[in-house]
Amino acid sequence: MNNQFGRRAADTKRGPRAAGVITTRPLQRVEMDHFLCDVHLVCEKTGFRLGRPWLTLAVDHYSGMVLGYYVSFAPPSSASVLAALRHAILPKTKFTSTNVL
């Protein structure tokens with residue numbers, strides 16, 4: 001499209017698309033994502049720089065709630081996805097309000 005019709009005509013012809021996937025209830029769709037953390041971890045005892053960890057998250061699309069996570073120095077892989085899913089599925093009885101810092 002050339003400039004003779006202006007921006008309004010271009011926006012009308014190629015306007016914004018639909019919102020994408022629409023979910024209507026929790027756990028209808030779980031999305032996985034990987035992030036390279038902006039943190040450099042250092043060993044307390046030796047002072048050796050360990051590196052930047054990767055964070056893998058399983059997020060419920062409907063509520064935005066984090067269902068499970070996995071932190072590792074290894075780059076994203078199927079193993080990190082499975083570990084995050086395992087954390088999301090298994091019971092979380094280990095961390096209760098009485099034994100958290």
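These exercises with worked solutions cover the fold, salt bridges, a threonine and a surface patch.

The model is predicted: local features need pLDDT of at least 70, side-chain atom pairs count only at pLDDT 80 or more, and totals for chains, interfaces and linings use all residues. Residues are numbered from 1 along each chain as its sequence is written, and side-chain values use heavy atoms, leaving out hydrogens and water.

**Exercise 1. Describe the protein chain.**

Step 1. Take the elements. The protein chain has two helices and five strands. Helices (H or I, at least four residues) and strands (E, at least two) are DSSP runs, numbered from the N terminus.

Step 2. Read along the sequence. The pattern is α-β-β-β-β-β-α.

Step 3. Check burial. Of the 101 residues in the protein chain, 12% are buried. Buried means under 20% relative accessible area, exposed over 50%, and partly exposed in between (1.4 Å probe, protein chains only).

**Exercise 2. Find the salt bridges and say which parts D38 and R52 tie together.**

Step 1. Search the whole structure. The search gives two salt bridges. Each needs a side-chain nitrogen of Lys or Arg within 4 Å of a carboxyl oxygen of Asp or Glu.

Step 2. Take E31 and R29. Their side chains meet in a salt bridge at 3.0 Å, N to O. E31 is partly exposed at 32% relative accessibility. R29 is partly exposed at 35%.

Step 3. Take D38 and R52. Their side chains also form a salt bridge, 3.0 Å from N to O. D38 sits in the loop between β1 (30–36) and β2 (41–42), and R52 in the loop between β3 (49–51) and β4 (54–60), so the pair ties together parts 14 residues apart in sequence.

Step 4. Compare the labels. D38 is exposed, with a relative accessible area of 72%. R52 is partly exposed, at 31%.

**Exercise 3. Place T23 and list its partners.**

Step 1. Locate T23. It lies in the loop between α1 (6–13) and β1.

Step 2. Is T23 buried or exposed? T23 is buried, with a relative accessible area of 13%.

Step 3. Look for a polar contact (a pair of N or O atoms within 3.5 Å; within protein, one must be able to donate a hydrogen and the other to accept it, and residues adjacent in sequence count only if both atoms are side-chain atoms). The T23 side chain makes one with the side chain of H61, at 3.1 Å.

Step 4. List the contacts (heavy atoms within 4.5 Å). Leaving out residues up to four places away in sequence, T23 touches Q28, R29, H61 and Y62.

**Exercise 4. Locate L50.**

Step 1. Find the element. L50 is in strand β3.

Step 2. Read the accessibility. L50 counts as partly exposed, at 44% relative accessibility.
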